[in-house]
Number of protein chains: 2
Amino acid sequence: MMQDEGQDNEGEKPKRGTGRRLHGAIAHKLGSAIVSGEYAPGDKLEAEVAFSEALNVSRSAYREAVQVLAAKGLVESRTKAGTRVLPRSRWNLLDPDVLAWAFTGEPDIEFIRNLFELRAIVEPAAARLAAERRTKDDLKIMKAALAEMRQKTLATDAGRSADRDFHNAILHATGNDALIVLSASIGAAVAWTTQFKQRSRTLPRNPIPDHVRVYDAIVAGDGDAASEAMRLLVDLALDDTRSSMG
Amino acid sequence: MMQDEGQDNEGEKPKRGTGRRLHGAIAHKLGSAIVSGEYAPGDKLEAEVAFSEALNVSRSAYREAVQVLAAKGLVESRTKAGTRVLPRSRWNLLDPDVLAWAFTGEPDIEFIRNLFELRAIVEPAAARLAAERRTKDDLKIMKAALAEMRQKTLATDAGRSADRDFHNAILHATGNDALIVLSASIGAAVAWTTQFKQRSRTLPRNPIPDHVRVYDAIVAGDGDAASEAMRLLVDLALDDTRSSMG
DNA sequence: ACTGAAATATGTCGGACTAATAATCGAGTC
DNA sequence: GACTCGATTATTAGTCCGACATATTTCAGT
């Protein structure tokens with residue numbers, strides 16, 4: 001699942017990858033640049049006409065891209081005043097796209113720590129609710145994800161995808177839409193950090209037992225055990241990630 | 001802080017309020033319609049040309065509005081296939097705009113319950129972190145918000161705003177960006193539900209003591225107490241809200 | 001210091017053209 | 001004859017262009 005990096009020839013002409021729309025490609029390019037700090041909050045973007053010309057795209061396409069960024073809280077446009085990058089506090093950092101953009105460059109260690117802190121808060125609580133409310137279908141999905149994960153390992157895309165599926169299934173089993181949307185954010189964080197861990201030379205611990213403990217507790221309907229097992233899982237995952245980043 | 005309801009004459013011509021851009025108004029109109037269930041997931045929106053004509057706006061303005069909705073996961077457009085409403089699971093329900101749209105109509109009881117469940121998970125944990133990490137500035141802001149809240153009461157906009165400020169200050173004091181972004185969502189939920197409670201005839205309990213307990217614990221740097229006090233606060237708030245909805 | 005005119009960047013408009021793809025139709029096959 | 005597969009067509013979103021409207025900043029003039 002390669003990103004499209006490396007195809008911007010000298011910073012111009014954002015080409016769209018397969019199926020990607022032009023304004024989407026522009027949004028991706030600008031969004032990444034902003035989130036990665038290439039533009040600082042308060043910075044003014046070049047004027048629409050000039051910028052769109054520089055990118056060799058129509059003003060319409062450029063504007064549609066900016067609307068997307070504005071919708072995600074990255075920028076704000078005002079007549080005559082131009083388009084400015086908003087302070088980081090206004091960014092929708094949990095938006096899946098923004099999260100993806102945040103991980104296009106070298107990831108910010110501090111931000112990863114923050115995401116893990118969020119996971120450490122949400123996922124144990126979610127596991128508890130899941131243990132109390134899971135349906136047979138939920139369990140089936142979790143079991144399948146676990147099996148896939150065990151077979152493919154986290155070294156493969158399929159394995160990481162299964163890992164995400166497992167965590168998503170737990171969030172989903174809570175039946176709480178507000179928690180379920182977080183699965184998109186948390187899932188993205190899990191995926192990227194897992195891949196990051198994998199990159200480092202040292203092969204980390206086998207994650208399966210941790211996951212199995214959570215699964216067993218949810219099957220048993222034991223909320224306390226599920227919460228505790230998940231807390232442990234996230235803690236250990238953070239340890240692994242931390243050690244692979246120095 | 002009135003909404004702009006009542007200005008759509010017979011479902012056509014979305015007029016923009018002061019300062020509001022046209023595409024923003026269209027996005028608001030369509031977004032509310034989608035979130036409130038006027039369009040069901042899978043439904044196809046009328047074709048761009050036809051729809052924009054029906055709304056008496058240019059196709060560009062309409063398209064920019066749709067880009068915003070797409071950025072928030074509400075719709076997806078594909079060439080020739082049209083623009084379709086995505087399943088609710090893909091909506092960025094925690095996006096402040098989406099949240100606002102969700103509360104333009106009669107609020108969904110189940111969804112409010114879900115938001116409270118999220119609050120009950122996140123806010124106690126945040127209060128604990130805040131107790132451990134708060135700066136003098138954080139405390140000053142909380143104290144000011146508390147004073148304002150006590151003076152204006154929750155019956156006024158200013159009072160509700162202070163309530164939100166208090167909760168935001170706690171999230172902010174965690175120093176965790178991922179949690180801070182949630183303040184926009186949680187804050188919105190707090191505001192709307194508080195207003196909703198206020199609407200009902202029975203004057204609810206005085207919320208100040210609950211808040212003071214949280215504040216005192218954070219000042220004392222007592223994480224356990226802060227977490228517990230916040231847990232109680234959210235529980236009581238849910239009780240109040242529940243009883244005012246039947 | 002205040003007022004108002006001009007400059008300028010975003011916002012909106014309309015229409016033309018492109019590209020992607022769902023739907024249709026027809027040739028070829030079983 | 002029914003069915004599968006492939007080319008054709010029709011439709012709809014995507015992109016481009018150029019003009020004008022609107023809102024603010026800026027600055028000149030009093």
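This section describes the fold of chain A, the pairing of chains A and B, the packing of helix α5, and the protein surfaces beside the two DNA strands. The structure is a predicted model.

Chain A contains ten helices and two strands. Read from the N terminus, its elements follow the order α-α-α-β-β-α-α-α-α-α-α-α. Along the principal axes, the C-alpha atoms of chain A occupy a box of roughly 60 × 35 × 35 Å.

The two protein chains are related by symmetry. Chain B is superposed on chain A by a rotation of 180° with 0.0 Å of shift along the axis, at an RMSD of 0.1 Å. This is the relation of a two-fold axis. Between the chains, 28 residues of chain B are in contact with 28 residues of chain A. On the side of chain B that touches chain A, at least two residues come from each of α3 (59–71), α5 (109–133) and α8 (177–199) of chain B. The greatest contribution to this side is that of α5(B), which provides eight residues. Sorted by class, the side of chain B that touches chain A comprises 14 nonpolar, seven polar and seven charged residues. Of the interface residues of chain B, 100% are also interface residues in chain A, so the copies meet through the same surface.

Helix α5 takes part in packing both between the chains and within them. Two packed helices are described by the angle between their axes and by the distance between the axes. Across the interface, helix α5 of chain A (residues 109–133) packs against α5(B) at an angle of about 140°, and the two axes are 10 Å apart. This angle makes α5(A) oblique to α5(B), since only angles over 145 degrees count as roughly antiparallel. The crossing of these two helices, α5(A) and α5(B), is right-handed. The residues that meet are A:I121, A:V122 and A:A125 from α5(A) and B:I121, B:V122 and B:A125 from α5(B). By class, the residues of this contact are six nonpolar, with no polar and no charged residues.

Within chain A, α5(A) also packs against helix α8 (residues 177–199), at an angle of about 130° and with the axes 10 Å apart. The helices α5(A) and α8(A) are therefore oblique to each other. Their crossing is left-handed, whereas that of α5(A) and α5(B) is right-handed. On the α5(A) side, the contact involves A:I112, A:L115, A:R119, A:V122 and A:A126, which meet A:L179, A:L182, A:I186, A:A189 and A:T193 of α8(A). This contact has eight nonpolar residues, one polar residue and one charged residue. Residue A:V122 thus appears in the contact of α5(A) with α8(A) and also in the contact of α5(A) with α5(B).

Within chain B, α5(B) is packed with helix α9 (residues 208–220), and the axes of the two helices come within 7 Å and cross at roughly 40°. This makes α5(B) oblique to α9(B). In this contact B:A127, B:A130 and B:A131 of α5(B) meet B:V214, B:A217 and B:I218 of α9(B). The contact of α5(B) with α9(B) has six nonpolar residues and no polar or charged residues.

Both protein chains contribute to the surroundings of each DNA strand. Around DNA strand C there are 21 residues, of which A:A47, A:E48, B:L22, B:S58 and B:A61 are the closest. Two or more residues of this surface are supplied by each of α2 (48–54) and β2 (82–85) of chain A and α1 (22–35) and α3 of chain B. The largest share of the surface near DNA strand C is that of α3(B), with three residues. In terms of class, this surface has six nonpolar, nine polar and six charged residues.

DNA strand D has 20 residues around it, and those that come nearest are A:L22, A:S58, A:A61, A:K80 and B:E48. The elements giving two or more residues to the surface near DNA strand D are α1 (22–35) and α3 (59–71) of chain A, together with β2 (82–85) of chain B. The surface near DNA strand D is made up of five nonpolar, nine polar and six charged residues.

Notes. Residues are numbered from 1 along each chain as its sequence is written. Chains are lettered from A and ligands numbered from 1 in the order in which they are written. This is a predicted model: local features need pLDDT of at least 70, side-chain atom pairs count only at pLDDT 80 or more; totals for chains, interfaces and linings use all residues. Two residues are in contact if their C-beta atoms, placed from the backbone, lie within 7 Å. Helices (H or I, at least four residues) and strands (E, at least two) are DSSP runs, numbered from the N terminus. Ala, Val, Leu, Ile, Met, Phe, Trp, Tyr, Cys and Pro count as nonpolar, Asp, Glu, Lys and Arg as charged, and the others, Gly among them, as polar. Copies are superposed by least squares on the C-alpha atoms of residues with pLDDT of at least 70 in both. Axes are lines fitted to C-alpha atoms, for helices over the stretch in contact, and angles run from 0 to 180 degrees between N-to-C directions. Angles under 35 degrees count as roughly parallel, over 145 as roughly antiparallel, 65 to 115 as roughly perpendicular and the rest as oblique. A crossing is left-handed if the near helix is turned anticlockwise from the far one by less than a right angle, and right-handed if clockwise. A residue is near a molecule or strand if its C-beta atom, placed from the backbone, lies within 6 Å of it.
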